[in-house]
Amino acid sequence: MQEQSIGAMLAAARQSAGLTVAQVSAATRIREAIIHCMEQDDYGQCGGDFYARGHVRAVAEAVGLDPEATVHLYDQQHGGVPRPVAASAVFQADRKIHLPERRGPNWTMALGVALAIVVVFGMMRVLGGASDQVRTGDVRVASARPSVPPNTPITESPKPSPSKMDAKNMVTVRIKAKRSSYVNVHDAEGHKLFAGTLKAGKTSTWRAAEKVNVLLADAGAVTLHVNGKKVKRLGGRGDVVRRSFGPPKPQSR
C-alpha cells in the first residue's frame with residue numbers, strides 16, 4: 001500500500017467499488033477533470049496544497065478508503081503536513097503603534113448629572129407616594145392557589161409521553177443491495193449515518209428524526225423501503241439519485 005501512489009490507490013478503489021468518475025464527481029461535487037488528474041497524481045488543478053488535501057479526503061471517503069489514512073499518506077508523499085505560518089512573519093515586533101491620547105473623565109459634568117437624577121427621583125417619590133396609598137387601599141390579596149373544595153382531587157390533563165411524540169417524527173430507511181453500490185445517508189441536520197459501498201446481498205437500516213437524505217450512485221442496484229413501504233420508480237442502472245424522505249403521514253380517521 002505504501003509503495004502505491006495516491007492517484008493509483010484512488011483509481012483502484014473506485015473501480016473496485018464499481019463507480020465511474022461521473023458518479024464520484026456527483027457524490028463529492030468535484031469536477032470530473034480534476035478527479036481524472038488526481039488519479040494520474042496531477043494535483044495542479046486543485047488550486048493549491050490545502051485544496052488538494054481536501055479533494056483527496058473527499059474522494060477517498062466516496063470510494064470507500066479511510067480518509068484520514070489517505071491524507072496522511074498524501075502528506076508523506078508530498079513533503080509532509082504544511083507548516084503553520086509563524087505569527088512573527090505576519091506581525092512585525094518593531095512596528096510602532098500610535099494610540100490616541102486618553103483624556104481624564106470630566107468629573108464636574110458627571111457630578112452635575114448625578115445630582116440632577118437624585119433630585120428628579122426624590123420629587124417623583126414624594127409626589128407619587130400619596131397616590132400610591134390611595135390606589136392600593138382597597139386591593140385584595142389574591143391567593144396563588146385556586147380555591148378547591150376540601151377533599152376534591154385536582155386533576156390535570158395527561159401530557160403525551162416524549163417517546164410517543166418522537167416516534168411520530170422518526171424516519172426509517174432500509175436499503176438492500178442487489179449488487180455492490182455506493183450509498184451515502186445523512187439525517188436532517190447533515191450528520192452522516194453511512195457513506196461507503198454497500199456490498200451485494202447486504203441489507204442496512206437507518207433511523208433518524210424528521211428527515212433522511214439518501215444519495216445512490218447506482219439506483220438500479222438497490223431496493224429501498226421507507227417506513228416499511230417500498231419506494232417505486234427509484235431509478236435505472238447507473239443513475240445517480242438524491243432523495244429525501246420524511247416521517248409517515250398520519251392516517252385519517
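In what order do the 4 strands of the open sheet come? Keep in mind while you click around that this is a predicted model.

**Stop one: the sheet**

Colour the strands and read across: the order is 4-1-6-7, with antiparallel pairing, and the sheet is open. As a reminder, strands of a sheet pair through backbone hydrogen bonds, either parallel or antiparallel. Now select 203-209, which is strand 4, and 229-230, which is strand 7. These two stand at the edges, and each has a single partner strand, so one side of each is left without a neighbour in the sheet.

Next, pick residues 170-177 (strand 1) and residues 222-226 (strand 6). The two run antiparallel and are joined by 5 bridges. For one concrete contact, click Val173: its bridge partner in strand 6 is Val226.

**Stop two: a residue just off the sheet**

Which residue in the loop between strand 4 and strand 5 deserves a click? Try Glu210, which sits in that loop, with strand 5 covering 212-216. Most residues other than glycine have a negative phi. Glu210 goes the other way, with a positive phi near 75°. Glu210 is also exposed, at a relative accessible area of 54%.

**Stop three: the loop between helix 3 and helix 4**

Jump to Asp41, in the loop between helix 3 and helix 4. Here is another positive phi in a residue that is not a glycine, this one about 60°. Asp41 is partly exposed, its relative accessible area being 33%.

Stay in this loop and select Tyr43, then add Tyr74 from helix 5 (residues 67-77). How far apart are the ring centres of Tyr43 and Tyr74? They are 5.2 Å apart with the planes at 80°, so this is an edge-to-face pair. Because Tyr43 belongs to the loop between helix 3 (32-39) and helix 4 (49-62) while Tyr74 belongs to helix 5, the pair ties together parts that are 31 residues apart in sequence. Are these two tyrosines buried or exposed? Tyr43 and Tyr74 are both buried.

**Stop four: one more ring pair**

The model has 3 aromatic pairs in total. Besides Tyr43 and Tyr74, have a look at Phe50 and Tyr51: their ring centres lie 5.4 Å apart and their planes meet at 85°, so this pair is edge-to-face too. Switch on the surface to check the surroundings: Phe50 is exposed, with a relative accessible area of 65%, and Tyr51 is partly exposed at 48%.

Notes:
Residues are numbered from 1 along each chain as its sequence is written. This is a predicted model: local features need pLDDT of at least 70, side-chain atom pairs count only at pLDDT 80 or more; totals for chains, interfaces and linings use all residues. Side-chain values use heavy atoms; hydrogens and water are left out. Two strands pair if DSSP finds at least two bridges between them. Rings of Phe, Tyr and Trp (its six-membered ring) pair if their centres lie within 6.5 Å; planes under 30 degrees apart count as stacked, over 60 as edge-to-face and the rest as tilted. Buried means under 20% relative accessible area, exposed over 50%, partly exposed in between (1.4 Å probe, protein chains only).
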